[in-house]
Structures are given as C-alpha cells and as structure tokens.
Amino acid sequence: MAEMTTLESLLEMGFGRNRAEKAVANTGNQGIEQAMDWLVEHENDPDIDEPYVPPVGNVLGGEADGEPSTDEPTAGDAGEAIGEGADMCGDDSDASKQPMTEEEKREQVKRLEELMRLKQAERRERERAEEVEREKQRRRQGQELQQIRQKIQDDEMKKLADQRRREKMEDKMARQRVKDKIARDREERAQKFGGGAPSSTATATQPTPPSPSSPPGQGPPPTKKEYDESRIQVRLLDGSTINTVFKAQEPLAAVRVYVQVNGNTPEGQDFTLLSPYPRHVYTELDMEKPLKELGLVPSAVLVVAKKGDGSAL
C-alpha cells in the first residue's frame, strides 16, 4: 500500500494548497507532524494564504549553491521548490507503487485529522496556561504597587507624627523656660522688696495696703491665660469622632489635612468644616487663618460636611 505524501495528506485534510506548500517547504519536508505543527503555529499569519514563493537559488534536495547539474531539477521548477511533487512523480520506481484506495485515504486522513485536533488542543491549553501566568504576573505587580503606595503613606504618616512630637517637645521646653523666668523674677522681687517689715508710719501712709492673705512677693493680679494649643474634636460623616491637639497658630487647613489622612473619607470626596454652636461654615479663606483667630482655642468641636451640603447637622 502506497503512503500519501505530506503535501497530499494536507490537501486531503482540507488545507489550501498555498498553506500546504508553505508548511512542507518551511519544515524541509520532514513529515506530516512537523508540517501540522507549523500550520498550527502560523495559522493566523496575515500572508498564510498567499502563494508560496521559494527563495532565490533554493533547490530542495539539490545543490545548496553553485551551478545546477543537468541531471537534477533547477530552482525555477515550482514542483521541486516544494519538494513533494518530485517525490510523487519524478522517480520511475514510484510508478510501480500501488495507489491508495479511497478507504485507505479516508483512514489516513482520519488519523491525521485526529492528530491535528490533538495539536490544536495542546496549543489552546498552552495559550490558556500562558494567559493564567500573565494574569498572575499582573496581580503580583498590582500587589507590589499597592505595597509601595502603602509604604509611602506609612512613611508620610510617621514623618508627620515625628514632626508633631518635635513641635510638642519644643513647646513644652518653651513653656518651661517661661515658667523658670517667672520664678526667677518673683524671687528677685522678693529679695528686693521683702527684706524687712514695714513700719506703722509707712503702713499708715500706704493708700492701698496689701491683703493679709496675700503672700510676700505677690505680683499684680494674673491676666487672662494665653493658650498656645487647641484640642480639636472632629465629628466625621459616619458619626464617629477623632481628637487631636494643634498649635494655636496653625491654620484651619491643618485640621482639614488631618481629617483627610485619618478620617476615612472616600478618596476624592470634597468636604468642608463647620462649627455647630454657634453654627458657622468655614470658607476657603478661613482655611488660611490661625485657630486662635477663628476662636477655636483652647478647644473646639468641628463637624465634617460634604461640600455644598448645608444639612450636616
């Protein structure tokens, strides 16, 4: 029983002649499996159905370079470029082979089609595996990017916290220096004016005698205390509250930034701040004013409201 050539087998399976000839030529006529592998890999090429043009000087089965012999076909022969036509009808020995019956051809085509389906299924499975791997890679990159963003945010928060601690420490040291200076001033006044008890005559001439309960060295009545910090409580959109302490000279914008970072407000949500009692909605101009100027010292309660929403309370 004569076997069909690779080119005949591909044509029997329904492949176009151009595709079949290209598969045979590009695989060096190494067999039907190599040809089908090539067709599976290149079935989506834009020029797959264009006529096959053999390379200049290519003689399949002949001399690679140099002058063609008189006994062998030349590169201009189209059947020899494919390499299959010459094998089918060029040999006298092939004429003696018995041709395949229709049933044998159908059996061989059936086997080849089954082989083709297996190869296509393998290719689809390989493509699915590659797609799954690409999706995993994309997710890994997304997770790495999220981790980088989270680290940047954590570093910024840590930096802000460190700055706030330094400012508090500096304020504490400044207050201590003021207290020490006041204590030294009182001690100096006590040493200067409290050396001896005043005589009765001197006491009688005093227009405003000091109170007996007043300790020696007591200065003038204390003035209203100046606060340099403000404790702010902020009520958020979901009803929860956050508390923190700001310097009295910090602008109201610092409170808004703190709410943006710690208030769980939706990203991109624009909001404003207002005082409930007495009711006052703070504008963009107010954001640049110090807390002390806005009357938010030594403590205040603020409410977060959506931009343009007057029904927050």
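In what order do the strands of the open sheet stand, and is the pairing mixed? The order is S2-S1-S5-S3-S4, with 5 strands and mixed pairing; strands here are DSSP runs (E, at least two residues), helices are DSSP runs too (H or I, at least four), both numbered from the N terminus, and two strands pair if DSSP finds at least two bridges between them.

This is a predicted model, in which local features need pLDDT of at least 70 and side-chain atom pairs count only at pLDDT 80 or more, while totals for chains, interfaces and linings use all residues. Residues are numbered from 1 along each chain as its sequence is written, and side-chain values use heavy atoms, with hydrogens and water left out.

**The sheet**

Select S1 and S5, which pair in the parallel sense over 5 bridges, and find Ile 232 opposite Ala 300 in S5. Then add S3 (residues 271-275), which runs antiparallel to S5 and is joined to it by 4 bridges; here Thr 272 has Ala 305 of S5 as its bridge partner. Continue to S4, antiparallel to S3 and joined to it by 2 bridges, where Ser 275 stands opposite His 280. S2 and S4 (280-281) are the edge strands, each with a single partner, so one side of each has no neighbour in the sheet.

Now show helix H9 (residues 252-262), which packs on the sheet and touches S1 (229-235), S2, S3 and S5 (299-306), a contact being heavy atoms within 4.5 Å. The direction of H9 makes about 145° with that of S2, where axes are lines fitted to C-alpha atoms, for helices over the stretch in contact, and angles run from 0 to 180 degrees between N-to-C directions.

**The cavity**

Select next Arg 164, Glu 167, Lys 168, Asp 171, Glu 229, Val 245, Phe 246 and Lys 247, which line the largest cavity (a set of points on a 1 Å grid over the protein atoms alone where a 1.4 Å probe fits but cannot get out, with lining residues having an atom within 4 Å of a point). Helix H7 (102-193) and strand S2 (241-247) each give two or more residues to this lining, and the largest share, 4 residues, comes from H7.

**Confidence**

Finally, colour by pLDDT, the predictor's confidence in each residue from 0 to 100; the chain mean is 77, and 73% of residues reach 70 or more. Over residues 59-96 the pLDDT is below 50, as over residues 196-205. Where pLDDT is low, the predicted coordinates should not be read in detail.

Technical notes
On a 1 Å grid over the protein atoms alone, a cavity is a set of points where a 1.4 Å probe fits but cannot get out, and a pocket is an open set with protein on both sides within 12 Å along at least five of seven lines; lining residues have an atom within 4 Å of a point.
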